[in-house]
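Please open the structure in your viewer and keep the selection tool at hand. The tour below proceeds stop by stop, stating what to select and what is found there.

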Amino acid sequence: MTSYDKTLKLANDLQIPVLGLGVWKIADEDVEAAVLAAIDAGYRHIDTAQAYRNEKGVGRAIKATDVDRSELYITTKLSGDIKEYETAVAAIDKSLSDLDLDYIDLMLIHSPQPWVNFREEGNYDQGNLEAWRALEEAHQAGKIKAIGVSNFEKSDIENLINNGTVKPMVNQILAHISNTPFDIIEYCESEGIIVEAYSPNGHGEILNKAEIVAMAEKYQVSPAQLAIRYCIELGFVVLPKSGNPDHIVENGQVDFEISAEDMETLKRIERVTDYESNELVFARPRQQ
Ligand SMILES: NC(=O)c1ccc[n+]([C@@H]2O[C@H](COP(=O)([O-])OP(=O)(O)OC[C@H]3O[C@@H](n4cnc5c(N)ncnc54)[C@H](OP(=O)(O)O)[C@@H]3O)[C@@H](O)[C@H]2O)c1
(Lines give C-alpha, C1' and ligand atoms only; values in the text may rest on other atoms or scores of the structure.)
Protein backbone atom coordinates (compact mmCIF):
# COMPACT_ATOMS: atom_id res chain seq x y z
CA MET A 1 0.00 0.00 0.00
CA THR A 2 1.30 3.48 -0.86
CA SER A 3 0.49 6.79 0.77
CA TYR A 4 -1.98 7.40 -2.07
CA ASP A 5 -4.01 4.33 -1.05
CA LYS A 6 -3.76 4.69 2.71
CA THR A 7 -7.03 5.66 4.41
CA LEU A 8 -8.32 6.33 7.92
CA LYS A 9 -11.74 5.31 9.18
CA LEU A 10 -14.11 8.06 10.22
CA ALA A 11 -16.58 7.64 13.09
CA ASN A 12 -19.32 6.82 10.55
CA ASP A 13 -17.15 3.94 9.23
CA LEU A 14 -16.42 5.65 5.88
CA GLN A 15 -12.78 5.80 4.79
CA ILE A 16 -10.90 9.05 4.15
CA PRO A 17 -7.69 9.08 2.07
CA VAL A 18 -4.75 10.18 4.22
CA LEU A 19 -3.10 12.28 1.51
CA GLY A 20 -5.02 15.18 0.02
CA LEU A 21 -4.09 18.04 -2.29
CA GLY A 22 -4.79 21.43 -0.69
CA VAL A 23 -5.83 24.05 -3.24
CA TRP A 24 -5.87 27.24 -1.19
CA LYS A 25 -4.45 30.17 -3.17
CA ILE A 26 -4.73 28.37 -6.50
CA ALA A 27 -6.88 30.55 -8.76
CA ASP A 28 -10.04 29.06 -10.21
CA GLU A 29 -8.58 29.18 -13.73
CA ASP A 30 -5.47 27.26 -12.60
CA VAL A 31 -6.94 24.75 -10.20
CA GLU A 32 -8.25 22.31 -12.82
CA ALA A 33 -4.69 21.65 -14.04
CA ALA A 34 -3.37 21.22 -10.49
CA VAL A 35 -6.15 18.80 -9.54
CA LEU A 36 -5.67 16.80 -12.74
CA ALA A 37 -1.90 16.63 -12.12
CA ALA A 38 -2.62 15.34 -8.62
CA ILE A 39 -5.12 12.74 -9.81
CA ASP A 40 -2.64 11.60 -12.48
CA ALA A 41 0.02 11.25 -9.77
CA GLY A 42 -2.33 9.10 -7.68
CA TYR A 43 -3.99 11.52 -5.25
CA ARG A 44 -7.66 10.81 -4.67
CA HIS A 45 -8.45 13.51 -2.09
CA ILE A 46 -8.85 17.23 -2.82
CA ASP A 47 -9.32 19.87 -0.12
CA THR A 48 -11.03 23.09 -1.19
CA ALA A 49 -13.29 25.65 0.51
CA GLN A 50 -15.92 28.21 -0.37
CA ALA A 51 -13.42 30.86 0.71
CA TYR A 52 -10.82 29.67 -1.83
CA ARG A 53 -13.17 30.67 -4.65
CA ASN A 54 -12.08 27.74 -6.80
CA GLU A 55 -14.82 25.15 -6.25
CA LYS A 56 -15.95 25.55 -9.88
CA GLY A 57 -12.45 24.78 -11.15
CA VAL A 58 -12.22 21.74 -8.86
CA GLY A 59 -15.56 20.63 -10.29
CA ARG A 60 -14.25 21.00 -13.85
CA ALA A 61 -11.31 18.75 -13.00
CA ILE A 62 -13.64 16.11 -11.53
CA LYS A 63 -15.64 16.16 -14.76
CA ALA A 64 -12.49 16.05 -16.93
CA THR A 65 -10.72 13.13 -15.29
CA ASP A 66 -11.24 9.51 -16.30
CA VAL A 67 -11.12 8.50 -12.64
CA ASP A 68 -14.59 7.63 -11.43
CA ARG A 69 -16.27 10.07 -9.04
CA SER A 70 -16.69 7.24 -6.51
CA GLU A 71 -12.89 6.93 -6.25
CA LEU A 72 -12.41 10.62 -5.49
CA TYR A 73 -12.76 12.26 -2.10
CA ILE A 74 -13.82 15.91 -2.20
CA THR A 75 -13.74 18.14 0.86
CA THR A 76 -15.06 21.66 0.99
CA LYS A 77 -15.73 24.08 3.83
CA LEU A 78 -18.63 26.26 4.82
CA SER A 79 -17.32 29.80 5.06
CA GLY A 80 -16.30 30.77 8.59
CA ASP A 81 -18.42 33.90 8.22
CA ILE A 82 -21.67 31.92 8.00
CA LYS A 83 -23.22 31.54 11.45
CA GLU A 84 -26.89 31.48 10.57
CA TYR A 85 -29.01 28.45 9.55
CA GLU A 86 -30.73 29.66 6.36
CA THR A 87 -27.53 31.18 4.98
CA ALA A 88 -25.70 27.93 5.72
CA VAL A 89 -28.35 25.84 3.93
CA ALA A 90 -28.06 28.06 0.84
CA ALA A 91 -24.25 28.00 0.95
CA ILE A 92 -24.13 24.19 1.14
CA ASP A 93 -26.35 23.98 -1.94
CA LYS A 94 -24.16 26.54 -3.71
CA SER A 95 -21.06 24.41 -3.05
CA LEU A 96 -22.84 21.38 -4.53
CA SER A 97 -23.78 23.48 -7.54
CA ASP A 98 -20.34 25.10 -7.98
CA LEU A 99 -18.57 21.75 -7.61
CA ASP A 100 -21.25 20.29 -9.90
CA LEU A 101 -21.57 17.25 -7.67
CA ASP A 102 -24.44 15.11 -6.42
CA TYR A 103 -22.70 14.75 -3.08
CA ILE A 104 -19.70 16.14 -1.19
CA ASP A 105 -17.54 13.62 0.70
CA LEU A 106 -16.68 15.90 3.61
CA MET A 107 -17.79 19.40 4.55
CA LEU A 108 -16.38 21.38 7.46
CA ILE A 109 -17.26 24.56 9.31
CA HIS A 110 -14.15 26.49 8.27
CA SER A 111 -13.66 28.42 11.47
CA PRO A 112 -15.41 28.81 14.84
CA GLN A 113 -15.35 32.59 14.48
CA PRO A 114 -15.94 34.75 11.38
CA TRP A 115 -12.50 35.46 9.88
CA VAL A 116 -12.33 39.09 10.96
CA ASN A 117 -12.81 37.94 14.57
CA PHE A 118 -10.59 34.85 14.37
CA ARG A 119 -9.55 33.74 17.90
CA GLU A 120 -11.05 36.90 19.36
CA GLU A 121 -13.46 36.90 22.28
CA GLY A 122 -17.13 36.67 21.42
CA ASN A 123 -19.62 33.88 21.63
CA TYR A 124 -20.40 32.14 18.39
CA ASP A 125 -21.74 28.96 20.04
CA GLN A 126 -25.29 29.58 18.84
CA GLY A 127 -24.11 30.52 15.34
CA ASN A 128 -21.96 27.42 15.12
CA LEU A 129 -24.93 25.30 16.17
CA GLU A 130 -27.02 26.86 13.39
CA ALA A 131 -24.30 26.16 10.81
CA TRP A 132 -23.88 22.65 12.23
CA ARG A 133 -27.63 21.95 12.01
CA ALA A 134 -27.53 22.85 8.31
CA LEU A 135 -24.59 20.44 7.83
CA GLU A 136 -26.31 17.72 9.88
CA GLU A 137 -29.44 17.99 7.72
CA ALA A 138 -27.46 17.91 4.46
CA HIS A 139 -25.62 14.88 5.84
CA GLN A 140 -28.92 13.23 6.72
CA ALA A 141 -30.21 13.99 3.22
CA GLY A 142 -27.18 12.31 1.63
CA LYS A 143 -25.80 15.54 0.16
CA ILE A 144 -22.68 15.28 2.36
CA LYS A 145 -21.16 11.92 3.38
CA ALA A 146 -19.27 13.21 6.44
CA ILE A 147 -19.22 16.46 8.41
CA GLY A 148 -16.61 18.09 10.58
CA VAL A 149 -14.94 21.29 11.67
CA SER A 150 -11.74 23.25 11.19
CA ASN A 151 -9.75 25.46 13.54
CA PHE A 152 -12.07 24.41 16.38
CA GLU A 153 -10.79 24.46 19.94
CA LYS A 154 -11.98 22.06 22.64
CA SER A 155 -14.83 24.29 23.89
CA ASP A 156 -16.07 24.86 20.31
CA ILE A 157 -16.22 21.11 19.73
CA GLU A 158 -17.88 20.45 23.09
CA ASN A 159 -20.62 22.90 22.10
CA LEU A 160 -21.44 20.78 19.04
CA ILE A 161 -21.14 17.47 20.88
CA ASN A 162 -23.37 18.62 23.76
CA ASN A 163 -26.00 20.36 21.66
CA GLY A 164 -25.92 18.74 18.22
CA THR A 165 -26.98 15.31 17.03
CA VAL A 166 -23.86 14.30 15.05
CA LYS A 167 -20.38 14.43 16.55
CA PRO A 168 -17.83 16.18 14.29
CA MET A 169 -15.88 13.49 12.42
CA VAL A 170 -12.76 15.56 11.73
CA ASN A 171 -11.05 18.70 12.95
CA GLN A 172 -8.75 20.29 10.34
CA ILE A 173 -6.05 22.27 12.13
CA LEU A 174 -2.72 23.96 11.56
CA ALA A 175 -0.12 21.27 12.36
CA HIS A 176 3.41 20.89 11.09
CA ILE A 177 6.95 20.25 12.28
CA SER A 178 7.80 22.93 14.86
CA ASN A 179 4.16 23.73 15.47
CA THR A 180 2.12 20.65 16.40
CA PRO A 181 -0.69 21.46 18.87
CA PHE A 182 -0.70 18.25 20.90
CA ASP A 183 -3.39 19.32 23.41
CA ILE A 184 -6.16 19.71 20.85
CA ILE A 185 -4.84 16.67 18.95
CA GLU A 186 -5.08 14.47 22.07
CA TYR A 187 -8.56 15.81 22.79
CA CYS A 188 -9.74 15.04 19.23
CA GLU A 189 -8.25 11.56 19.38
CA SER A 190 -9.96 10.89 22.72
CA GLU A 191 -13.28 11.80 21.08
CA GLY A 192 -12.69 9.67 17.97
CA ILE A 193 -12.30 12.80 15.81
CA ILE A 194 -9.79 12.44 12.95
CA VAL A 195 -7.15 15.20 12.86
CA GLU A 196 -6.37 16.74 9.50
CA ALA A 197 -3.08 18.67 9.31
CA TYR A 198 -3.26 21.78 7.20
CA SER A 199 -0.17 23.70 6.08
CA PRO A 200 2.04 20.61 6.65
CA ASN A 201 4.93 22.44 4.99
CA GLY A 202 4.40 25.44 7.24
CA HIS A 203 3.25 27.37 4.20
CA GLY A 204 6.70 26.62 2.72
CA GLU A 205 8.43 28.52 5.54
CA ILE A 206 9.85 25.49 7.38
CA LEU A 207 11.46 23.90 4.34
CA ASN A 208 14.75 25.82 4.64
CA LYS A 209 15.23 25.25 8.35
CA ALA A 210 18.66 23.68 8.86
CA GLU A 211 17.58 20.84 11.20
CA ILE A 212 14.76 19.86 8.85
CA VAL A 213 17.04 19.99 5.78
CA ALA A 214 19.65 17.87 7.58
CA MET A 215 17.18 15.23 8.66
CA ALA A 216 15.65 15.11 5.17
CA GLU A 217 19.13 14.46 3.77
CA LYS A 218 19.57 11.60 6.22
CA TYR A 219 16.44 9.92 4.83
CA GLN A 220 17.34 10.93 1.25
CA VAL A 221 14.05 12.77 0.84
CA SER A 222 13.15 16.42 0.38
CA PRO A 223 12.24 18.64 3.36
CA ALA A 224 8.66 18.70 2.08
CA GLN A 225 8.53 14.90 1.97
CA LEU A 226 9.88 14.77 5.53
CA ALA A 227 7.29 17.31 6.69
CA ILE A 228 4.42 15.45 5.04
CA ARG A 229 5.61 12.07 6.34
CA TYR A 230 5.84 13.53 9.86
CA CYS A 231 2.09 14.22 9.76
CA ILE A 232 1.32 10.75 8.40
CA GLU A 233 3.41 9.12 11.16
CA LEU A 234 1.36 11.07 13.71
CA GLY A 235 -1.82 9.54 12.30
CA PHE A 236 -3.20 12.65 10.61
CA VAL A 237 -4.80 13.24 7.25
CA VAL A 238 -2.28 15.57 5.56
CA LEU A 239 -3.08 18.32 3.06
CA PRO A 240 -0.01 19.73 1.29
CA LYS A 241 -0.76 22.52 -1.15
CA SER A 242 1.06 22.87 -4.44
CA GLY A 243 0.27 24.31 -7.82
CA ASN A 244 3.56 23.00 -9.20
CA PRO A 245 3.22 19.59 -10.94
CA ASP A 246 6.73 18.51 -9.87
CA HIS A 247 6.02 19.37 -6.24
CA ILE A 248 2.63 17.64 -6.46
CA VAL A 249 4.35 14.39 -7.54
CA GLU A 250 7.16 14.80 -4.99
CA ASN A 251 4.70 15.37 -2.14
CA GLY A 252 2.99 12.07 -2.87
CA GLN A 253 6.21 10.07 -2.67
CA VAL A 254 6.29 9.69 1.07
CA ASP A 255 6.52 5.94 1.56
CA PHE A 256 9.36 5.85 4.04
CA GLU A 257 9.49 5.63 7.82
CA ILE A 258 10.84 8.18 10.26
CA SER A 259 12.37 6.51 13.32
CA ALA A 260 10.71 7.02 16.71
CA GLU A 261 13.78 8.88 17.91
CA ASP A 262 13.73 11.27 14.94
CA MET A 263 9.99 11.82 15.39
CA GLU A 264 10.72 12.95 18.96
CA THR A 265 13.38 15.33 17.66
CA LEU A 266 10.99 16.74 15.05
CA LYS A 267 8.26 17.24 17.67
CA ARG A 268 10.64 19.38 19.70
CA ILE A 269 12.07 21.58 16.92
CA GLU A 270 11.73 25.22 17.83
CA ARG A 271 8.77 26.95 16.23
CA VAL A 272 9.64 28.49 12.88
CA THR A 273 6.46 30.30 11.97
CA ASP A 274 4.60 32.88 14.01
CA TYR A 275 1.16 32.76 12.49
CA GLU A 276 -1.76 31.08 14.18
CA SER A 277 -3.65 30.45 10.98
CA ASN A 278 -2.57 30.98 7.40
CA GLU A 279 -6.16 31.56 6.67
CA LEU A 280 -5.92 34.93 8.39
CA VAL A 281 -3.21 35.98 5.99
CA PHE A 282 -5.57 34.94 3.27
CA ALA A 283 -8.67 36.55 4.69
CA ARG A 284 -7.46 39.94 5.81
CA PRO A 285 -6.46 41.49 2.47
CA ARG A 286 -10.08 41.28 1.37
CA GLN A 287 -11.03 43.58 4.24
CA GLN A 288 -8.56 46.25 3.22
N1 LIG B 1 -8.73 25.00 7.33
C2 LIG B 1 -7.95 26.06 7.28
O3 LIG B 1 -8.18 27.09 7.93
C4 LIG B 1 -6.74 26.01 6.39
C5 LIG B 1 -5.75 27.01 6.48
C6 LIG B 1 -4.64 26.92 5.65
C7 LIG B 1 -4.53 25.84 4.78
N8 LIG B 1 -5.51 24.90 4.70
C9 LIG B 1 -5.42 23.75 3.78
O10 LIG B 1 -4.11 23.20 3.82
C11 LIG B 1 -3.51 23.29 2.53
C12 LIG B 1 -2.04 23.51 2.63
O13 LIG B 1 -1.73 24.62 3.39
P14 LIG B 1 -0.84 25.86 2.88
O15 LIG B 1 -1.22 26.15 1.49
O16 LIG B 1 -0.99 26.90 3.91
O17 LIG B 1 0.63 25.43 3.02
P18 LIG B 1 1.63 24.21 2.82
O19 LIG B 1 1.02 23.07 2.10
O20 LIG B 1 2.23 23.97 4.14
O21 LIG B 1 2.74 24.91 1.93
C22 LIG B 1 2.44 25.37 0.64
C23 LIG B 1 3.69 26.07 0.12
O24 LIG B 1 4.75 25.12 0.02
C25 LIG B 1 5.23 25.07 -1.33
N26 LIG B 1 5.54 23.69 -1.63
C27 LIG B 1 4.69 22.65 -1.69
N28 LIG B 1 5.34 21.51 -1.98
C29 LIG B 1 6.65 21.84 -2.11
C30 LIG B 1 7.81 21.10 -2.41
N31 LIG B 1 7.75 19.79 -2.63
N32 LIG B 1 9.00 21.76 -2.46
C33 LIG B 1 9.07 23.09 -2.23
N34 LIG B 1 7.99 23.85 -1.95
C35 LIG B 1 6.79 23.23 -1.88
C36 LIG B 1 4.08 25.58 -2.18
O37 LIG B 1 4.56 26.18 -3.36
P38 LIG B 1 4.16 25.59 -4.82
O39 LIG B 1 2.68 25.75 -4.97
O40 LIG B 1 4.96 26.44 -5.73
O41 LIG B 1 4.58 24.15 -4.84
C42 LIG B 1 3.48 26.65 -1.26
O43 LIG B 1 4.21 27.85 -1.32
C44 LIG B 1 -4.28 24.43 1.85
O45 LIG B 1 -4.19 24.39 0.46
C46 LIG B 1 -5.67 24.15 2.34
O47 LIG B 1 -6.26 23.09 1.61
C48 LIG B 1 -6.60 24.98 5.50
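Is D262 buried, exposed or partly exposed? The model in view is a predicted one. Select D262, which belongs to helix α10, residues 260-268. D262 has 16 other C-beta atoms within 10 Å. A residue is called buried at 20 or more such atoms and exposed at 12 or fewer, so D262 counts as partly exposed. Add A197 to the selection: the two residues are 65 apart in sequence, and their C-alpha atoms are 19 Å apart in space.

**The nonpolar core**

Next, turn to the interior. The largest nonpolar core comprises 78 residues, and V35, L78, L135 and V238 have the most contacts inside it. Helix α8, residues 223-233, contributes the largest share of this core, namely 7 residues.

Select L78 together with its surroundings. When neighbours within four places in sequence are left aside, L78 is in contact with Q50, A88, A91, I92, M107, L108, I109, H110, A131 and L135.

One of these partners, L108, is a suitable next selection. L108 is located in strand β6. L108 counts as buried, because 27 C-beta neighbours lie inside 10 Å. Beyond four places in sequence, its contacts are T75, K77, L78, G148, V149, S150, V170 and Q172. Draw a distance line from L108 to S150: 42 residues separate them along the chain, yet their C-alpha atoms are 6.2 Å apart.

Move now to I46, in strand β4, which covers residues 45-47. Is I46 buried or exposed? I46 is buried, since 26 other C-beta atoms lie within 10 Å. Setting aside residues up to four places away in sequence, I46 touches G20, L21, V23, V35, V58, I74 and T75. From I46 to R60 there are 14 residues in sequence and 13 Å in space, C-alpha to C-alpha.

**Two pairs of helices**

Two packed helices are described by the angle and the distance between their axes. Begin with α7, residues 210-219, and α8: their axes come within 8 Å and cross at roughly 90 degrees. The crossing angle therefore makes α7 roughly perpendicular to α8. To see the contact, select I212, V213, M215, A216 and Y219 on α7, and P223, Q225, L226 and A227 on α8. Colouring this contact by class gives 8 nonpolar residues, 1 polar residue and no charged ones.

Continue with α2, residues 55-64, and α3, residues 85-99. How do their axes cross? They come within 7 Å and cross at roughly 45 degrees. As a result, α2 is oblique to α3. On the α2 side, select E55, K56, V58 and G59; these meet S95, D98 and L99 in α3. By class, the contact of α2 with α3 holds 2 nonpolar, 2 polar and 3 charged residues.

**The surroundings of the ligand**

Select the ligand and display the residues around it. There are 30 of them, and G22, W24, N201, G204 and K241 come nearest. This shell consists of 8 nonpolar, 18 polar and 4 charged residues. Which helix supplies the largest share of the shell? That helix is α9, with 3 residues. Both α9 (245-252) and α11 (278-283) supply at least two residues of the shell.

**Loops and a helix to finish**

Which sign does the phi angle of K25 have? K25 has a positive phi, of about 70 degrees, although it is not a glycine. Select K25 in the loop between β3 (21-22) and α1 (28-41). K25 is partly exposed, as 15 other C-beta atoms lie within 10 Å.

R119 also has a positive phi, of about 60 degrees, and is not a glycine. To find R119, follow the loop between β6 (104-109) and α4 (125-140). With 13 C-beta neighbours inside 10 Å, R119 counts as partly exposed.

Finally, select D40 in helix α1. D40 counts as partly exposed, because it has 14 C-beta neighbours inside 10 Å. Although D40 and V249 are 209 residues apart along the chain, their C-alpha atoms are separated by 9.0 Å.

Methods
Residues numbered from 1 in each chain as written. Predicted model: local features only at pLDDT ≥ 70, side-chain atom pairs only at ≥ 80, totals over all residues. Core = buried A, V, L, I, M, F, W, Y, C linked by C-beta atoms within 7 Å. Helix = DSSP H or I, 4+ residues; strand = E, 2+ residues; numbered from the N terminus. Contact = placed C-beta atoms within 7 Å. Near = placed C-beta within 6 Å. Nonpolar A, V, L, I, M, F, W, Y, C, P; charged D, E, K, R; others polar. Axes fitted to C-alpha atoms, helices over the stretch in contact; angles between N-to-C directions. Parallel < 35°, antiparallel > 145°, perpendicular 65-115°, else oblique.
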